[in-house]
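Visitor: Could you take me through the aromatic rings in this protein? I'd like a close look at how they pair up.

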Amino acid sequence: MPTMNTLFTVFLLLSTEAFLCRASSYSPLIRSDLGRHPTDEQPLSKIAIHKAFIDLHESASVQAEPLLLGLQGEDTAWVNVELKYPEPSEDDWVGVFSPANFNASDCYDESGKSHEAPCICTAPIKYMFANHSSSNYVTAGKATLSFQLINQRADFSFALFSGGLENPKLVAVSNPISFANPKAPVYPRLAHGKAWDEMTVTWTSGYNIDEAVPFVEWGQTGQSPKQSPAGTLTFTRGSMCGPPARTVGWRDPGFIHTSFLKELWPNTMYNYRIGHMLLNGSVIWSKMYSFKSSPYPGQSSLQRVIIFGDMGKAERDGSNEYACYQPGSLITTDQLLSDLDNYDIVFHIGDMPYANGYLSQWDQFTAQVEPIASIKPYMVASGNHERSWPNSGGFYATTDSGGECGVPAETMYYVPADNRAKFWYSTDYGMFHFCIADSEHDWREGSEQYAWIEKCLASVDRKKQPWLIFSAHRVLGYSSNSWYAMEGSFEEPMGREHLQKLWQKYKVDIAFYGHVHNYERTCPIYQNQCVNTERYSYSGTVNGTIHVVVGGGGSHLSDFTEIDTVWSLYKDHDWGFVKLTAFNHSSLLFEYKKSRDWLVYDNFTISRDYRDVLACVHDGCEPTTLAS
């Protein structure tokens with residue numbers, strides 16, 4: 001529990017720094033301006049924390065309560081923060097810092113070397129303007145704010161700044177508060193293993209393996225539970241490729257554990273809980289969760305899949321101005337939560353939290369999706385905001401990942417890839433076969449990934465798994481997005497030029513993409529030509545692939561071009577997701593639903609037999625002979 005000694009330490013450290021430093025022009029810590037639209041700016045990057053100076057005001061105060069959170073094992077709690085400041089202004093703001101002691105001792109420049117010029121070198125994990133809930137703050141100099149905190153392995157303090165986000169001056173800091181067990185295991189996320197009868201459980205904790213042994217206890221109701229060990233990973237500041245991930249955005253990620261639950265019975269409910277056995281033999285337990293195992297590949301049963309991209313995260317307490325950054329994130333999350341019984345597996349195809357180098361946001365994201373990901377397999381793909389960074393081995397040289405260069409995504413989320421640094425993988429769900437590409441690595445003909453894509457598409461037995469799905473984050477097929485139109489490509493350059501002959505040869509049913517923040521569906525298409533005039537009901541030979549952009553998971557929306565793209569059958573400038581329902585080997589239902597009302601706005605059906613998949617089509621024929 002926080003004590004007066006720890007509170008005194010916070011004030012002493014900050015007061016000492018106040019004599020050593022003032023406003024600084026420490027340029028190596030400044031975030032890079034990526035030239036984006038303002039709504040594409042990570043809210044934490046708006047804070048010029050490298051310029052902050054300390055000028056504690058003797059009459060200003062910040063008081064937070066309760067002091068101890070999670071007394072009943074909760075990993076989320078609301079905190080009231082009371083402010084008093086005799087010189088208030090409308091641009092005063094409160095930052096939430098964790099760990100609670102923040103000062104210049106953890107300053108690093110872009111190269112990762114220690115540097116002592118600034119006063120504060122750690123961005124807050126969230127912030128809120130002082131007048132957020134009290135319109136009379138500027139006249140009264142008093143306000144009470146409510147923050148929602150999640151367990152993030154360290155204590156918290158609340159700091160009042162004047163001077164706005166661009167010229168912050170620290171005038172008061174609160175008492176530290178903490179969760180009862182900051183190291184507790186939290187935010188489990190399920191994913192398929194490499195075998196159809198294997199489920200992985202990944203979670204985060206503050207326990208290293210020299211403190212406690214991680215494991216999962218699991219089994220069917222009424223049977224003796226099993227225990228499966230877990231592997232443990234983490235990463236360091238040195239693993240980051242650049243700022244802000246190496247500088248003001250760095251926060252210790254704790255320890256990420258993954259356990260493999262094997263030899264599951266198909267379509268069976270299992271219960272599980274996470275454990276950490278301490279050195280004295282006692283066990284720290286999570287709460288109990290449950291999941292349904294996957295059907296056997298090719299099994300005919302009702303199978304329902306959710307697909308979307310670019311959801312991001314948001315704050316239920318209204319902090320961080322996410323209304324402009326990821327305005328639909330909670331709308332989509334809450335709709336998926338309200339319908340948990342009506343789908344079986346989720347594919348989030350890239351751009352997950354948009355942390356952009358602010359590592360605390362990965363915890364925030366895993367907490368937001370935990371009610372979904374702890375119950376349903378939550379399969380992910382790599383996006384530009386997870387991976388892209390110059391000179392880091394990726395296909396693109398943009399700074400979209402904020403220096404993360406894929407490390408947090410590859411560590412925080414398990415995927416059944418041979419090498420998680422190359423984020424492509426295949427997975428099965430009953431009658432579906434999924435080939436998930438990594439558009440942050442070279443996909444062109446002759447590349448390692450191209451060979452893998454062909455192998456993945458060729459490996460499926462279509463009489464058992466008739467529904468073949470391709471997916472990538474960037475649009476490798478077709479999009480009427482405005483910036484693609486300006487480039488004249490209507491796709492990611494060199495996308496379909498290299499991949500369409502594989503889609504055609506192996507008769508891919510549907511290709512899904514994110515990256516563009518809207519919804520769009522094409523006709524069945526090959527070489528820029530619609531090969532079927534139907535709009536809502538497809539049957540018979542598979543003579544072209546339907547391409548779907550489903551990047552409206554929650555981020556700010558992307559505009560369409562005014563050019564009439566004749567292959568585009570449906571466009572929607574709104575947040576939403578796709579649901580696929582396989583009824584059997586011959587019947588598939590596609591539905592696009594808006595997040596705001598869960599209603600279906602676009603749909604089609606596919607009805608066909610195995611012989612239709614085998615049928616010869618243009619550039620999709622097996623060689624034949626005239627010999628009898």
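Guide: Let's start with the overall count and then visit two pairs and a cluster. Keep in mind that this is a predicted model. The count here comes to 33 aromatic pairs. A pair of aromatic rings is described by the distance of the centres and the angle of the planes.

First stop: F235 and W250, an edge-to-face pair. Their ring centres sit 6.1 Å from each other, and there are 75° between the planes; that angle is over 60°, so the pair gets the edge-to-face label. Both partners are found in the loop between β14 (226–233) and β15 (255–261), so the pair ties together parts that are 15 residues apart in sequence. As for the surroundings, F235 is buried and W250 is buried too.

Now hop over to F590 and F604, where the rings are stacked. Here you get 4.4 Å centre to centre and 15° between the planes. Under 30° counts as stacked, which is why this pair has that name. F590 belongs to strand β33 (residues 587–594) and F604 to strand β34 (residues 600–607), so this pair links parts that are 14 residues apart in sequence. How hidden are they? F590 has a relative accessible area of 0%, so it counts as buried, and F604, also at 0% relative accessibility, is buried as well.

Last stop, a group of rings: W93, F97, F102, Y127, F129 and F161 make up one aromatic cluster. Try picking those rings out in the 3D view.

Technical notes:
Residues numbered from 1 in each chain as written. Predicted model: local features only at pLDDT ≥ 70, side-chain atom pairs only at ≥ 80, totals over all residues. Heavy atoms only, no water. Phe/Tyr/Trp six-rings, centres within 6.5 Å; stacked < 30°, edge-to-face > 60°. Helix = DSSP H or I, 4+ residues; strand = E, 2+ residues; numbered from the N terminus. Buried < 20%, exposed > 50% of the residue type's maximum accessible area, 1.4 Å probe, protein only.
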